[in-house]
Amino acid sequence: MLTKRIIPCLDIKNGQTVKGINFLDVKEVGNPLELAEKYAASGADELVFLDISATEERRKTLFPLVKEIAKSIAIPFTVGGGIASVEDVNLLLRCGADKVSVNSSLVNKPDLINELAAAFGSQCIVAAIDAMQVDGMWKVHLSGGKIPTEIDLFDWAKEVEQRGAGEILFTSMNHDGVKNGFANEALLQLSKTVNIPIIASGGAGKMAHFEEVFTLGKADAALAASVFHYGEIGIPELKSYLKNQSIPIRI
Amino acid sequence: MKIAIIDYGAGNTQSVLFALERLGHTGFVTHDREKITSAEKIILPGVGEAASAMKKMREFQLDQLIPVLKQPVLGICLGMQLLCNATEEGNTNALGIFDTSIQKFPQNIGIKVPQMGWNTIYDLKSELFEGIQPNEYMYLVHSYYSPVCKEAISVTHYGFEYASALQKDNFYGVQFHPEKSGKYGQQILHNFLKL
């Protein structure tokens with residue numbers, strides 16, 4: 001049986017891991033390579049690296065880091081942040097990334113999804129969508145949540161699927177960093193809207209939240225950062241908890 | 001040991017190279033017919049789209065070379081699918097080594113397509129799986145599959161049972177990614193290198 005995935009996310013800035021609360025207040029939490037090795041050894045099913053450096057810094061720090069990580073860990077990993085072209089993706093895959101997560105560029109240039117899927121296959125294209133619920137409507141936001149749009153989350157999810165994205169990484173900005181549970185209602189609606197896997201992000205605070213995101217939210221994978229980085233939840237404990245709750249999990 | 005990783009365009013060769021390095025070996029990426037012929041082990045990696053991959057194979061005349069290779073050959077993911085008769089992806093004729101045809105996962109049976117993540121392999125029937133217990137987890141990412149057939153050496157369940165590995169003579173194919181499947185995936189690569 002296909003298992004639900006637990007995915008630690010490392011936000012990277014200038015080669016260091018950072019994590020903010022509600023997309024702001026960024027502070028450093030550690031060496032990304034060390035964290036990656038630790039998570040891989042403790043049973044993470046995948047890793048996600050999101051680079052939030054400025055473009056110039058990213059060039060200098062991200063590619064060597066991706067290569068180091070790819071050399072040392074034997075589980076799949078996704079790299080995102082500032083990807084805007086087929087060439088960007090080509091370079092990351094050549095460094096050893098397995099998938100890429102693309103966000104704002106897809107909204108600014110939707111044809112990029114088709115181009116990336118044609119060049120590399122849908123399986124390595126993760127469409128990252130940040131959205132915020134305002135007056136009951138989920139609206140897509142760009143540039144790390146800074147720029148609101150009028151685009152509806154569910155319409156956009158359908159479009160990225162049709163254009164060839166292999167997976168959706170949905171971050172609820174209302175829930176991100178608050179540690180009060182995932183956006184399960186929106187996730188459930190997303191999984192009824194599209195037939196590609198959905199990674200839930202934003203809101204993990206305790207182990208029961210992971211159980212809920214799989215049972216109520218029907219997510220295929222759950223992504224979290226701070227609860228893992230600060231040692232509040234250990235991945236082995238989380239996975240045995242979920243298995244005891246009859247969630248299909250790889251131990 | 002000379003390990004050739006066949007380059008046919010978009011394949012994700014880097015993670016296979018790194019996995020070999022972790023096992024203490026160095027592979028080389030090539031589409032040169034001589035270099036492939038003289039290698040001791042050959043890996044056909046796989047990330048990409050079938051029709052364009054076969055087009056590249058024909059361009060490099062690898063479609064003639066691969067079926068007559070005598071040394072152990074391992075196809076991974078799309079690489080395994082290209083060793084079969086044909087695939088529904090782009091309605092492509094493939095290399096015709098495994099007597100099975102690749103089909104797309106149906107959309108209407110309550111499974112997501114692609115299958116993405118860790119699933120178990122069982123009914124293991126090959127020296128490739130030495131040291132691997134039935135129901136061990138492997139990492140898979142795919143929208144197309146081979147039905148269970150006489151050359152199946154492992155089975156996986158996703159909505160229904162399908163062949164997650166194939167073998168005929170010196171040709172091996174795995175639908176999962178051993179290079180991304182943790183220590184048990186490494187074990188399978190190690191077993192292949194020992195053949």
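This talk walks through the annotated active site of chain B and then the interface between chain A and chain B.

Before the details, please keep in mind that this is a predicted model, in which local features need pLDDT of at least 70 and side-chain atom pairs count only at pLDDT 80 or more, while totals for chains, interfaces and linings use all residues. Residues are numbered from 1 along each chain as its sequence is written, chains are lettered from A and ligands numbered from 1 in the order in which they are written, and side-chain values use heavy atoms, with hydrogens and water left out.

Let me begin with the active site. An unreviewed UniProt entry places the feature "active site" at Cys77(B), His177(B) and Glu179(B), and I should add that such positions are given in the numbering used here, that feature names are shortened, and that annotations may be inferred rather than shown by experiment. These residues are spread over 103 residues of sequence, yet they cluster in space, with a largest C-alpha distance of 10.9 Å.

Where does Cys77(B) lie in chain B? Cys77(B) lies in the loop between strand 4 (73–76) and helix 5 (78–82) of chain B, where helices (H or I, at least four residues) and strands (E, at least two) are DSSP runs, numbered from the N terminus. His177(B), for its part, lies in the loop between strand 13 (171–174) and helix 6 (182–194) of chain B.

Is Cys77(B) buried or exposed? Cys77(B) counts as buried because its relative accessibility is 8%, and His177(B) is buried too, with a relative accessible area of 7%; buried here means under 20% relative accessible area, exposed over 50%, and partly exposed in between (1.4 Å probe, protein chains only). Leaving aside residues up to four places away in sequence, Cys77(B) touches, among others, Gly46(B), Val141(B) and His177(B), contact meaning heavy atoms within 4.5 Å. On the same terms, the contacts of His177(B) include Gly46(B), Ile76(B), Cys77(B) and Tyr139(B).

Now to the interface. The contact takes 38 residues from chain A and 29 residues from chain B, and the area buried between them is about 2,600 Å², of which carbon and sulfur atoms give 55%; buried area is the accessible area (1.4 Å probe) that two parts lose on being put together, summed over both.

Between chain A and chain B there are 2 salt bridges, each a side-chain nitrogen of Lys or Arg within 4 Å of a carboxyl oxygen of Asp or Glu. Lys180(B) forms a salt bridge with Asp98(A), with the closest N and O atoms 2.9 Å apart. On the side of chain A that touches chain B, the largest share, 4 residues, comes from helix 2 of chain A.
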